[in-house]
Amino acid sequence: MAEILIAGPRLRLRRADTADLDYIIDLEYAKDNIPYIVPFDREFHESVMTKGEASLDVIVEEIATGEKVGYFLVAGLKTDAKEMEWTHVIIGKKGLGYGHEAMKLIKKWCFTVKKFHRAWLDCKDYNERALHLYESEGMVREGLIRETILTNGVYENLVILGILDREYAARQEAGLEL
């Protein structure tokens, strides 16, 4: 059984293993996800799963059924600054509130379990659905990296969003977290 990182009301986050590779690759390259991310290849994920210490592939799954509904790629696990990056946040079963619960779980794991100081991610500036999710989950826009990714001959912008441990704690006290 894979290592369970944290569980919530409907979902749990667990460490991915090589049996999850096809799911992760399929999710990254799905036509409704590919415009919003920069996918990695199978060898990259296999290396993260078998050799990685600073990065971690995380599966989001339903507790009741064990069905995979998304995944995170987490980086920065060995930084002295205790700064975690959520490189990929992809929910495959959209429209069911899984994105919100998954974000609450990864924040709880980051700040309560791992005791990190800061978490951050970047998001393409036209991904309005994701930006809405992140901001509704307490992440703050910290900056814009202009024309930093070249996709199909077009330069794209990235919005940087972050949340600090004290901001997470304030959300907990306000009853906004799990």
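Ala75 stands opposite Glu85 in strand 5. The model is a predicted one. Strand 4 (residues 68-75) and strand 5 (residues 83-91) pair in the antiparallel sense, and six bridges join them.

Both strands sit within an open sheet of eight strands. The strand order is 1-2-3-4-5-6-8-7, and the pairing is mixed. Strands of a sheet pair through backbone hydrogen bonds, either parallel or antiparallel. Which strands stand at the edges? They are strand 1 (4-7) and strand 7 (140-151). Each has a single partner strand, so one side of each lacks a neighbour in the sheet. On average, neighbouring strands are turned by 25° against each other, direction ignored.

Two helices pack on this sheet, as tabulated here.

| Helix | Strands touched | Direction angle |
|---|---|---|
| Helix 3 (residues 98-113) | strand 1, strand 2 (11-15), strand 3 (56-62), strand 4, strand 5, strand 6 (118-124), strand 8 (154-164) | about 160° with strand 5 |
| Helix 5 (residues 165-173) | strand 7, strand 8 | about 65° with strand 8 |

Next comes a helix pair. Helix 1 (residues 21-28) packs against helix 2 (residues 42-50) at an angle of about 135°. Their axes are 10 Å apart. Why is helix 1 called oblique to helix 2? The reason is that angle of about 135°. The crossing of helix 1 past helix 2 is right-handed.

Helix 1 makes the contact with Leu21, Asp22, Ile24, Ile25 and Glu28. Helix 2 brings Arg42, His45, Glu46 and Met49. By type, the residues of this contact are four nonpolar, one polar and four charged.

Notes:
Residues are numbered from 1 along each chain as its sequence is written. This is a predicted model: local features need pLDDT of at least 70, side-chain atom pairs count only at pLDDT 80 or more; totals for chains, interfaces and linings use all residues. Side-chain values use heavy atoms; hydrogens and water are left out. Axes are lines fitted to C-alpha atoms, for helices over the stretch in contact, and angles run from 0 to 180 degrees between N-to-C directions. Helices (H or I, at least four residues) and strands (E, at least two) are DSSP runs, numbered from the N terminus. Angles under 35 degrees count as roughly parallel, over 145 as roughly antiparallel, 65 to 115 as roughly perpendicular and the rest as oblique. A crossing is left-handed if the near helix is turned anticlockwise from the far one by less than a right angle, and right-handed if clockwise. Contact means heavy atoms within 4.5 Å. Ala, Val, Leu, Ile, Met, Phe, Trp, Tyr, Cys and Pro count as nonpolar, Asp, Glu, Lys and Arg as charged, and the others, Gly among them, as polar. Two strands pair if DSSP finds at least two bridges between them.
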